[in-house]
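Biologist: I am new to this one. Please walk me through the model, one question at a time.

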Amino acid sequence: MSNTSEQLFQRAQRSIPGGVNSPVRAFRSVGGTPIFMQRAKGAYLYDADGKQYIDYINSWGPTILGHAYEPVVRAIQQRAELSTSYGAPTELEIDMAELIIGMAPNVDMVRMVSSGTEACMSALRLARGYTGRNKFIKFEGCYHGHADAFLVKAGSGLATFNIQTVPGVTAGAANDTLTAPYNDLDAVEQLVQNNKDEIAAIIIEPVAGNMGCIVPRPGFLEGLRAICDREGIVLIFDEVMTGFRLAPGGAQERLGIRADMVTYGKVIGGGMPVGAFGGRRDIMECIAPLGNVYQAGTLSGNPIAMIAGYTMLKTLRDEPGIYIALEEKTRTLHEGLNSVLAKSGRPYVINRLGSMISIHFSERPVSNFADAAAADNATFNRFFHQMLSRGVYLPPSAYETWFICTALSDTDIDHTIQAAADSLAAL
Ligand code: PMP
């Protein structure tokens, strides 16, 4: 354990609740002291003592091209010379909107915000304003940020810390949130029948990443699409994790399903604080100043976030080989983990789509939150620390997905597989 992190954590806890600015970072469920980072480059994180780790978090998704990707760093530096914020529109915001619209299917217009939470919160308000309906359906174990209405049966930190009800979220704010198990079309159909003409939206992570990685069953998303078409419900894909990662056009392109609205997060800022929501023109035109669905932000479209995101997304658009490389790297990792886990004799499930992957120590397939919760997550927590001690930084919870970046080398993958073999033996 890093000495400096220990000291920093002691100090941090006096001025920051829990010593961290976002709960999952605190290592509460895996135990021990969170590692304080100093810098990162390519596939590696370096902690406050200079120790190197192979990074499988990648800022929870966005560093698809690795940390401190040179063209992004240069673009940020150059743009900062021109001031960091104006509170007035810039051409860069049009370039960014046009780039996103050109890459993502079914996005006619897009509005920038500053986080994934804001993107989902605003998309829900807009879907409600557009349909004139109040209720919406989300899926158990999916996380759509920390706006009140979404903190019901949510994944990520709420699953990690087993928080069932959140003090401060009023019954009124959560009353209109209906939940169904992921991959359960019958449950959705039932909710729709029981709340006829009252449901504004169905929001879903098209590949879930906040209960480990969970892949939609064939026909599930197609079924949601059909229900939404039949019932006049707005289908929102939360592509905060999947957007621009599973394909240049995100999960919509990769899985061939049309969404009415899409939300994005950190990925479109190359890791800067940013988010966006977009979709069908007739829906998007209901937002202020065109319509009365109010939504705003002082730092929305911030030039530094825009240039960072623009530079990264343009690379993703212009170099399709990136997606082939991501797929191959993750497949190699998948096969290697599969072989060492099989030899270990422990029950396990590896779920993967593209460069999103996770391990559950589970006897049964993991296709919804109940499956993820029934897995042996205490073993995952010990596995996490074993891997960490071998220089591999996994997400500190079984309820998170791992992300792969292009900077990850074959040597890094071999090291990770060997570390997994040694970690399993040491458990
Ligand atoms: N949606 C999804 C699918 C997410 O994974 C997250 C955060 N990881 C969010 C929304 C919220 O994004 P943010 O933390 O930027 O508010």
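**Ligand shell and helix packing**

Modeller: Start with the ligand: the largest share of the shell around it, 3 residues, comes from helix α4 (residues 116-131). Keep in mind that this is a predicted model.

Biologist: Which residues come nearest to the ligand?

Modeller: The ligand has 17 residues around it. Five names stand out as coming nearest: Ser 115, Gly 116, Thr 117, Gly 145 and Val 240.

Biologist: How many residues of the shell around the ligand are polar?

Modeller: Sort the shell by class. There are 5 nonpolar and 3 charged residues. The polar count in the shell is 9.

Biologist: Let us step back to the whole chain. What radius of gyration does the chain have, and why does it agree with a compact globule?

Modeller: The C-alpha trace spans about 60 × 55 × 45 Å along its principal axes. A compact globule with 427 residues would have a radius of gyration near 22 Å, so the chain agrees with its value of 21 Å.

Biologist: How many helices and strands does the chain have?

Modeller: Count the secondary structure over the chain. The total comes to 15 helices and 14 strands.

Biologist: Take α7 and α8. Why do they count as roughly parallel?

Modeller: Helix α7 (residues 185-194) and helix α8 (residues 220-231) have axes 10 Å apart. They pack at an angle of about 15°. Angles under 35 degrees count as roughly parallel. α7 and α8 are therefore roughly parallel.

Biologist: Which residues in α8 does α7 meet?

Modeller: α7 brings Leu 185, Val 188, Glu 189 and Val 192. By class, the contact has 6 nonpolar, 1 polar and 2 charged residues. On the α8 side sit Phe 220, Gly 223, Leu 224, Ile 227 and Glu 231.

Biologist: Now α12 and α15. What is the handedness of their crossing?

Modeller: Helix α12 (residues 321-344) and helix α15 (residues 410-426) pack at about 20°, with axes 9 Å apart. That makes α12 roughly parallel to α15. The crossing of α12 and α15 is right-handed.

Biologist: How many nonpolar residues does the contact of α12 with α15 have?

Modeller: α12 offers Lys 329, Thr 332, Leu 333, Gly 336, Leu 337, Val 340, Leu 341 and Ser 344. They meet Ile 413, Thr 416, Ile 417, Ala 420, Ala 421 and Leu 424 in α15. By class, the contact of α12 with α15 has 4 polar residues, 1 charged, and a nonpolar count of 9.

Biologist: α15 also meets α14. Why are α14 and α15 called oblique?

Modeller: The axes of helix α14 (residues 377-389) and α15 come within 9 Å. They cross at roughly 130°. Roughly antiparallel needs over 145 degrees, and roughly perpendicular runs from 65 to 115. α14 and α15 are therefore oblique.

Biologist: How many charged residues are in the contact of α14 with α15?

Modeller: Phe 383, Gln 386 and Met 387 of α14 make the contact with Ala 419, Ala 420, Ser 423 and Ala 426 of α15. By class, there are 5 nonpolar and 2 polar residues, and the charged ones number none.

Biologist: On to the backbone. Is the peptide bond from Ala 288 to Pro 289 cis or trans?

Modeller: Pro 289 is found in the loop between α10 (281-284) and α11 (303-318). Omega for the bond from Ala 288 is near 10°. The bond is cis.

Biologist: What phi does Asn 162 have?

Modeller: Asn 162 is in the loop between α5 (157-160) and α6 (171-174). This residue is not a glycine, yet its phi is positive, at about 55°.

Note on methods. Residues numbered from 1 in each chain as written. Predicted model: local features only at pLDDT ≥ 70, side-chain atom pairs only at ≥ 80, totals over all residues. Near = placed C-beta within 6 Å. Helix = DSSP H or I, 4+ residues; strand = E, 2+ residues; numbered from the N terminus. Nonpolar A, V, L, I, M, F, W, Y, C, P; charged D, E, K, R; others polar. Axes fitted to C-alpha atoms, helices over the stretch in contact; angles between N-to-C directions. Contact = placed C-beta atoms within 7 Å. Rg over C-alpha atoms; globule rule 2.2 N^0.38 Å. Left-handed = near helix turned anticlockwise from the far one by under 90°.
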